[in-house]
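User: Hello! Could you walk me through this model with some questions and answers?

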There are 2 protein chains.
Amino acid sequence: MQIDAVDQRIIALLVADARASYADIGTRVSLSAPAVKRRVDRLRSAGVIRGFTAIVDPASVGWTTEAFVELFCAGRTTPAQIGAAVRRHPEVVGAYTVSGEADALVHLRAADIAHLEEALERLRAETFVTSSRSTIVLSRLVESPGVGPSTG
Amino acid sequence: MQIDAVDQRIIALLVADARASYADIGTRVSLSAPAVKRRVDRLRSAGVIRGFTAIVDPASVGWTTEAFVELFCAGRTTPAQIGAAVRRHPEVVGAYTVSGEADALVHLRAADIAHLEEALERLRAETFVTSSRSTIVLSRLVESPGVGPSTG
DNA sequence: TGTGAAACGATTAAATG
DNA sequence: CATTTAATCGTTTCACA
């Protein structure tokens, strides 16, 4: 899809505040509210903007424990298989196939260590998992929403 | 802070759609729009809800390359120091201090391999970094916004 | 904390340049 | 593709239970 400079600025404004009004965004990008709406609708239907979400402090809702788990998988395991499997576990907040020793890296979030351990056992019980290596998160230093930096 | 069951449901609805109207949320939780607004305002000022953001497809805006970098730091490096340093790099979308061999895990997102390499060099140039180990992301299988699972 | 009323502002479709 | 108009709908404050 074609994204021009104005789209970029609209995206950046929505990443910064997903509840900003079209009129507000319009004044910042020198466009009328309907024009902004049409662009946002187009960006949404094109899949550039996937949705809008609230950023919640995990500790406030009782999920205080995090870990990254490297997964070592059986010879002929496909990324799709890994993806389908990890999506079944609600504790998985991120998962990636990676280069290097491990085959996949899974980001877990749980209520506490006991919950994390339980989730880990469930994950390791997936048939294609041959072994795993876990790293507990001690503190969160940065966690950006959206695409990251300038959205460009 | 005190979070009751209604707050939980409001949070879940906002994680699902940050642009939902207070009236809409109100009908789903059996509350008037002003009541919902007051709760959301309270959750925001208490830091439970940190903000609202758009979820953008990174590929659509040209950031297609990702990596996780384990950072090994000099003896007396504090998490605050690491946090302050990594926040200066716009490619950093996540950073955590961790247990295990490495001291920190940094999640990077860049336009391409060249950009990633450049960001990596900048990161490794931080005075407290003694060594690093990078893992390139081959594919993204899962990436949940918000707090993760049920927000409860 | 909750509600309803009321003023204000935002959204959205239609018509038009 | 943008704009203006105009009806509709959402937001937000206020008085009150």
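The questions below look at two helix contacts and then at the two DNA strands.

Analyst: Happy to help! This is a predicted model, in which local features need pLDDT of at least 70 and side-chain atom pairs count only at pLDDT 80 or more, while totals for chains, interfaces and linings use all residues. Residues are numbered from 1 along each chain as its sequence is written, chains are lettered from A and ligands numbered from 1 in the order in which they are written, and side-chain values use heavy atoms, with hydrogens and water left out.

User: Are H1(B) and H2(B) oblique or parallel to each other?

Analyst: Helices here are DSSP runs (H or I, at least four residues), numbered from the N terminus. The axes of H1 (residues 5-16) and H2 (residues 22-29) of chain B come within 10 Å and cross at roughly 135°; axes are lines fitted to C-alpha atoms over the stretch in contact, and angles run from 0 to 180 degrees between N-to-C directions. Angles under 35 degrees count as roughly parallel, over 145 as roughly antiparallel, 65 to 115 as roughly perpendicular and the rest as oblique. That is why H1(B) is, relative to H2(B), oblique.

User: How many nonpolar residues does the contact of H1(B) with H2(B) have?

Analyst: Counting contact as heavy atoms within 4.5 Å, B:Val6, B:Arg9, B:Ile10, B:Leu13 and B:Leu14 of H1(B) meet B:Ile25, B:Arg28 and B:Val29 of H2(B). Ala, Val, Leu, Ile, Met, Phe, Trp, Tyr, Cys and Pro count as nonpolar, Asp, Glu, Lys and Arg as charged, and the others, Gly among them, as polar. In this contact two residues are charged, none is polar, and the nonpolar ones number six.

User: How are H1(B) and H3(B) oriented to each other?

Analyst: The axes of H1(B) and H3(B) are 11 Å apart, and the helices pack at an angle of about 85°. The pair is therefore roughly perpendicular.

User: Which residues of H3(B) make the contact with H1(B)?

Analyst: By class, this contact has seven nonpolar, no polar and three charged residues. H1(B) brings B:Val6, B:Asp7, B:Ile10, B:Ile11 and B:Leu14, and the partners from H3(B) are B:Val36, B:Arg39, B:Val40, B:Arg42 and B:Leu43.

User: Which element gives the largest share of the surface near DNA strand D?

Analyst: A residue is near a strand if one of its heavy atoms lies within 4 Å of it. The surface near DNA strand D has six nonpolar, two polar and four charged residues. The largest share, four residues, comes from H3(A).

User: Which residue has a polar side-chain atom 2.8 Å from a base nitrogen of DNA strand D?

Analyst: Polar contacts here are pairs of N or O atoms within 3.5 Å; within protein, one must be able to donate a hydrogen and the other to accept it, and residues adjacent in sequence count only if both atoms are side-chain atoms. For phosphate oxygens of strand D, a polar side-chain atom of A:Arg39 lies 2.5 Å from one, and a polar backbone atom of B:Tyr22 lies 2.8 Å from one. The contact with the base nitrogen belongs to A:Arg38.

User: Which helix gives the most to the surface near DNA strand C?

Analyst: Near strand C there are five nonpolar, two polar and four charged residues. The most, four residues, comes from H3(B).

User: How far is a base oxygen of DNA strand C from the side chain of B:Arg38?

Analyst: Phosphate oxygens of strand C lie 2.8 Å from a polar backbone atom of A:Tyr22 and 2.8 Å from a side-chain N or O atom of B:Ser32. From an N or O atom in the side chain of B:Arg38 to the base oxygen, the distance is 2.9 Å.

Technical notes
Helix = DSSP H or I, 4+ residues; strand = E, 2+ residues; numbered from the N terminus.
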